[in-house]
Amino acid sequence: MNPLDYTTLDTPIGPLLLAATAKGLVRVAFECEDFDTVLDTLATRLGAPAVHTPDRLDAAARQVAEYFAGTRAAFELPLDFALSTGFRQAVQQHLTLIPYGRTRTYTDVAAGVGHPRAMRAVGSACATNPLPVVVPCHRVLRTDGSLGGYLGGLDAKAALLALEAA
């Protein structure tokens, strides 16, 4: 197994890049992020070259495909949160607790991680989530119910919420 394996797959919201370390899935990237740039950044940050090894990511690719097919409501993958630390990592880990088909507000998430006034910091943690789709930052909305932002674009966020009928 290579230190940093990756593959790409086509989805209804566009191509996604999946990258994994020996610990688990470490990065999901949207095409708008430029896959080459993402891979270069990962190689620098993690100290290992990225190697295209689709077989290593078969389970992750299958689960993402099942999610988009509407047959998977929860991911059962080992995750590597190495790209985030501190508060951002705590928020991102908390996001995995938001059930499929449900949404929370930035305020809800801030309270959930024990910092009820840190709504903007939660927004920042969501914006820098290295595992979008799998770690469901798309399920976090503004208090007024509007979408807020999303790295993959608001169309992608709306499509994910519609898929989940949230």
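Tutor: Before we look at any pocket, a sorting rule: Ala, Val, Leu, Ile, Met, Phe, Trp, Tyr, Cys and Pro count as nonpolar, Asp, Glu, Lys and Arg as charged, and the others, Gly among them, as polar. Also keep in mind that this is a predicted model.

Student: Fine. How does the lining of the second largest pocket divide under that rule?

Tutor: Ten of its residues are nonpolar, one is polar and two are charged. The pocket holds about 170 Å³ of space. It has 13 lining residues, and Ala74, Phe75, Thr96, Val134 and Pro136 are the closest to its centre. By the rule, Ala, Phe, Val and Pro are nonpolar and Thr is polar.

Student: And what makes up the lining of the largest pocket?

Tutor: Six nonpolar, five polar and four charged residues. That pocket has about 220 Å³ of space. Of the 15 residues lining it, Arg27, Arg45, Leu83, Thr128 and Pro130 lie nearest the centre. Helix 1, residues 35-46, gives the most to this lining, with five residues.

Student: On to the inside. Which residues of the largest nonpolar core touch the most other members?

Tutor: Leu16, Leu18, Leu25, Val64, Leu95 and Val133, out of 35 residues in that core. Strand 2, strand 3 and helices 2 to 6 each supply at least two residues of this core. Helix 2 has the largest share, five residues. Apart from this core lies another, of twelve residues, including Tyr6, Leu17, Phe35 and Ala48. In general, nonpolar side chains tend to be buried together in soluble globular proteins.

Student: Take Val133, then. What makes valine 133 count as buried?

Tutor: The cut-off is under 20% relative accessible area. Valine 133 comes in at 2%, so it counts as buried. This valine sits in the loop between helix 5 and strand 6.

Student: What is the phi of valine 133?

Tutor: Near 75 degrees, which is a positive value in a residue other than glycine. Most residues other than glycine have a negative phi. Aspartate 34 is another non-glycine with a positive phi, of about 70 degrees.

Student: Where is aspartate 34, and is it buried, exposed or partly exposed?

Tutor: Aspartate 34 is in the loop between strand 3 and helix 1. Partly exposed is the band between buried, under 20%, and exposed, over 50%. Aspartate 34 has a relative accessible area of 36%, so it is partly exposed.

Student: What makes aspartate 144 count as exposed?

Tutor: Its 64% relative accessibility, set against the cut-off of over 50%. Aspartate 144 lies in the loop between strand 6 and helix 6. It is 39 residues from threonine 105 in sequence, and the two C-alpha atoms are 8.6 Å apart.

Student: Back to the strands. Why is strand 2 called largely enclosed by the rest of the structure?

Tutor: Because five of its five residues are buried. Leu16, Leu18 and Ala20 point one way from the strand, while Leu17 and Ala19 point the other way. That fits a general pattern: in a regular strand the side chains alternate between the two faces of the sheet.

Student: How do you know that strand 2 and strand 3 pair?

Tutor: Pairing takes at least two bridges. Five bridges join strand 2 to strand 3, and the two run antiparallel. Leucine 18 stands opposite valine 28 in strand 3. These strands form a hairpin with four residues between them, and glycine 24 in the turn has a positive phi of about 155 degrees.

Student: And how many bridges link strand 1 with strand 2?

Tutor: Five, again above that cut-off, and the sense is antiparallel. Here threonine 7 stands opposite leucine 18. This hairpin has six residues between the strands, and glycine 14 takes a positive phi near 105 degrees.

Student: Is threonine 7 buried or exposed?

Tutor: Buried: its relative accessible area is 7%, and the cut-off is under 20%. Leaving aside neighbours within four places in sequence, threonine 7 is in contact with Leu16, Leu17, Leu18, His52, Pro54 and Leu57.

Student: What is leucine 25 in contact with, on that basis?

Tutor: Beyond neighbours within four places in sequence, the contacts of leucine 25 include Leu18, Ala19, Ala20, Leu57, Ala60, Leu77 and Val134. Leu25 is also one of the core residues that touch the most other members.

Note on methods. Residues are numbered from 1 along each chain as its sequence is written. This is a predicted model: local features need pLDDT of at least 70, side-chain atom pairs count only at pLDDT 80 or more; totals for chains, interfaces and linings use all residues. Side-chain values use heavy atoms; hydrogens and water are left out. On a 1 Å grid over the protein atoms alone, a cavity is a set of points where a 1.4 Å probe fits but cannot get out, and a pocket is an open set with protein on both sides within 12 Å along at least five of seven lines; lining residues have an atom within 4 Å of a point. Grid points are joined across faces, edges and corners, and a volume is the space filled by probe spheres set on the points. A nonpolar core is a set of buried Ala, Val, Leu, Ile, Met, Phe, Trp, Tyr and Cys residues joined through side-chain atoms within 4.5 Å. Buried means under 20% relative accessible area, exposed over 50%, partly exposed in between (1.4 Å probe, protein chains only). Contact means heavy atoms within 4.5 Å.
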